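Visitor: I would like a close look at one part of this model, and then a walk outward from there to whatever surrounds it. Please take your time and keep it connected.

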Amino acid sequence: MKHVYLDNAATTPLRKEVIANIHQALCDCYGNPSSSHAFGRAAKTGIEQARKGIAAQLNAQPGEIIFTSGGTEADNMILRCAVRDRGVTTLITTKIEHHAVLHTAEALAEEYGISLKYIPLDKDGNPDLGALEEALASDDSSKLVSLMHVNNEIGNLLDLEAVGALCRKYNALFHSDTVQSIGHFPWDLEKIPVDFLTAAAHKFHGPKGIGFAYVRKNSGLKPLIVGGAQERGFRAGTEPYHNIVGLKTAFEKAYEHLESEREYVSGLKLHFIKRITEALPGVAFNGLSGDMDRSTYTLVNVRLPFDPAKSQLLLFHLDLKGVACSKGSACQSGSDAGSHVLQQILNPEDLKQPSLRFSFSHYNTLEEVDYAVDVLEEFAQS
């Protein structure tokens with residue numbers, strides 16, 4: 001049986017260089033970064049080198065990069081601290097954000113009594129920027145806008161510059177969950193008007209359990225996790241040096257090979273779209289995931305013309321054939337609630353048909369894409 005991994009939006013395989021550098025860090029640099037002796041200083045130096053390298057690639061300041069356990073912690077930290085420390089009383093978002101944002105926003109509304117405003121979406125899942133401006137202009141409350149750059153289920157790309165310009169116009173803070181896009185797109189944070197970003201290493205071939213938040217200088221945020229003085233006093237807890245080394249390596253390799261890997265992965269996506277359209281007449285693409293210009297090159301979300309009664313066996317069939325994909329984000333696996341993203345943009349009839357997310361990396365091949373489509377075609381004919 002073949003083993004074809006097409007669920008890279010959930011997590012990615014580690015690069016060999018990442019594994020090698022993590023192993024070396026575990027063996028040779030085990031000092032506590034807060035210790036003053038040579039063992040600790042070596043680890044601390046490595047952490048600061050990683051911070052500087054990431055900041056340089058993003059055109060940010062090293063002090064604006066804060067290492068976290070991943071994207072969920074970073075999202076929680078930014079939203080919670082903005083409400084607590086900046087007096088945010090209105091949080092503006094959409095109903096198709098990652099649950100790290102949605103559930104945090106709901107919790108903040110309950111705990112602090114802040115107002116939640118959800119921007120309406122068009123049929124493709126794009127936020128209405130006119131409605132966003134109306135919400136920003138509606139009153140003088142202190143506002144935070146939280147909109148993700150790349151939707152993790154349907155791949156839509158947000159115009160960060162346009163949203164950021166609106167936020168600056170109305171003196172609102174702007175946070176974007178960029179977990180699906182850092183490591184896959186170039187950045188210049190001197191030019192992009194955003195206050196906060198989040199990243200997770202395992203989305204760009206690094207280890208799980210490590211990520212970072214970008215917090216623009218003079219943001220006014222205070223620590224969420226208190227204790228020691230790690231992360232320049234912003235995030236207490238002994239830093240996992242080996243994971244930071246893995247993050248640094250994966251980040252550097254992602255940008256070293258960005259153009260060539262983007263071209264290659266875009267080719268895989270385009271080939272998948274062509275093959276599945278030919279093999280399964282009536283297939284549709286959710287959101288803008290079938291549009292190569294307006295969605296990320298790393299994923300596609302397809303709505304399949306299968307009998308709804310039969311489709312309950314679809315993921316089981318794919319798994320038996322060795323094909324890994326997803327019916328939504330990995331965070332929802334095991335839940336019968338279905339995709340909260342698709343529920344917002346599809347009509348009831350379309351929701352009855354099965355939808356799957358296929359996501360690609362440079363480790364995939366055209367042969368694997370063909371095999372996955374063949375398995376779907378086989379299921380349709382069974």
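Guide: Happy to. Let's begin where strand β5 (residues 143–146) meets strand β6 (residues 173–177): the two run parallel and are joined by three bridges. Please keep in mind that this is a predicted model. To find the pairing by eye, look for Ser146, which stands opposite His175 in β6. Helix α6 (residues 160–169) lies across both β5 and β6, and its direction makes an angle of about 155° with β6.

Now step back to the sheet. β5 and β6 sit in an open sheet of seven strands, ordered β2-β8-β7-β6-β5-β3-β4, and the pairing in this sheet is mixed. Its edges are β2 (65–68) and β4 (115–118); each has a single partner strand, so one side of each has no neighbour in the sheet. Going from strand to strand, the average turn between neighbours is 20°, direction ignored.

From the sheet, let's move on to the helices. Helix α7 (residues 241–256) is a good one to colour, as it packs with helix α2 (residues 38–58) and also with helix α1 (residues 16–28).

Take α2 and α7 to start with. Their axes are 10 Å apart and meet at an angle of about 30°. Angles under 35 degrees count as roughly parallel, and that makes α2 roughly parallel to α7. The crossing of α2 past α7 is left-handed. On the α2 side, the contact is made by Ala43, Gly46, Ile47, Gln49, Ala50, Gly53, Ile54, Gln57 and Leu58, and α7 brings Tyr241, Ile244, Leu247, Lys248, Phe251 and Tyr255. Sorted by class, this contact of α2 with α7 holds ten nonpolar, four polar and one charged residues.

Turn next to α1 and α7. Here the axes are 8 Å apart, and the packing angle is about 155°. The cut-off for roughly antiparallel is over 145 degrees, and α1 and α7 are therefore roughly antiparallel to each other. Their crossing is right-handed. Glu17, Val18, Asn21, Ile22, Ala25 and Leu26 of α1 make this contact with Tyr241, His242, Val245, Gly246, Thr249, Ala250 and Lys253 of α7. The classes here are seven nonpolar, four polar and two charged residues. Tyr241 is worth a look, since the residue is listed both in the contact with α2 and in the contact with α1.

Two loop residues belong to this neighbourhood, and both concern the backbone. In general, most residues other than glycine have a negative phi. Asn59, in the loop between α2 and β2, has a positive phi, near 60°. With a relative accessibility of 33%, Asn59 counts as partly exposed. Arg232 is also not a glycine and has a positive phi of about 55°. You will find Arg232 in the loop between β8 (211–215) and α7, and its 52% relative accessibility means that Arg232 counts as exposed.

Further along the chain is strand β10 (residues 299–303). Five of its five residues are buried, so β10 is largely enclosed by the rest of the structure. In a regular strand, side chains alternate between the two faces of the sheet. You can follow the two directions in β10: Leu299, Asn301 and Arg303 point one way, Val300 and Val302 point the other way, and all are buried.

What pairs with β10? Strand β9 (residues 284–285) does, in the antiparallel sense over two bridges, with Phe285 standing opposite Val302. Strand β12 (residues 355–359) also runs antiparallel to β10, joined to it by five bridges. Among the bridge partners there, Leu299 is matched with Ser359 in β12.

One last stop is Ser295, in the loop between β9 and β10. Its relative accessibility is 3%, so Ser295 counts as buried even though this is a loop position. Leaving aside residues up to four places away in sequence, Ser295 touches Gly155, Asn156, Leu157, Lys269, Leu288 and Ser289. For a sense of distance, compare Ser295 with Pro120: they are 175 residues apart along the chain, and their C-alpha atoms are separated by 19 Å.

Notes
Residues numbered from 1 in each chain as written. Predicted model: local features only at pLDDT ≥ 70, side-chain atom pairs only at ≥ 80, totals over all residues. Heavy atoms only, no water. Buried < 20%, exposed > 50% of the residue type's maximum accessible area, 1.4 Å probe, protein only. Helix = DSSP H or I, 4+ residues; strand = E, 2+ residues; numbered from the N terminus. Pairing = 2+ DSSP bridges. Axes fitted to C-alpha atoms, helices over the stretch in contact; angles between N-to-C directions. Parallel < 35°, antiparallel > 145°, perpendicular 65-115°, else oblique. Left-handed = near helix turned anticlockwise from the far one by under 90°. Contact = heavy atoms within 4.5 Å. Nonpolar A, V, L, I, M, F, W, Y, C, P; charged D, E, K, R; others polar.
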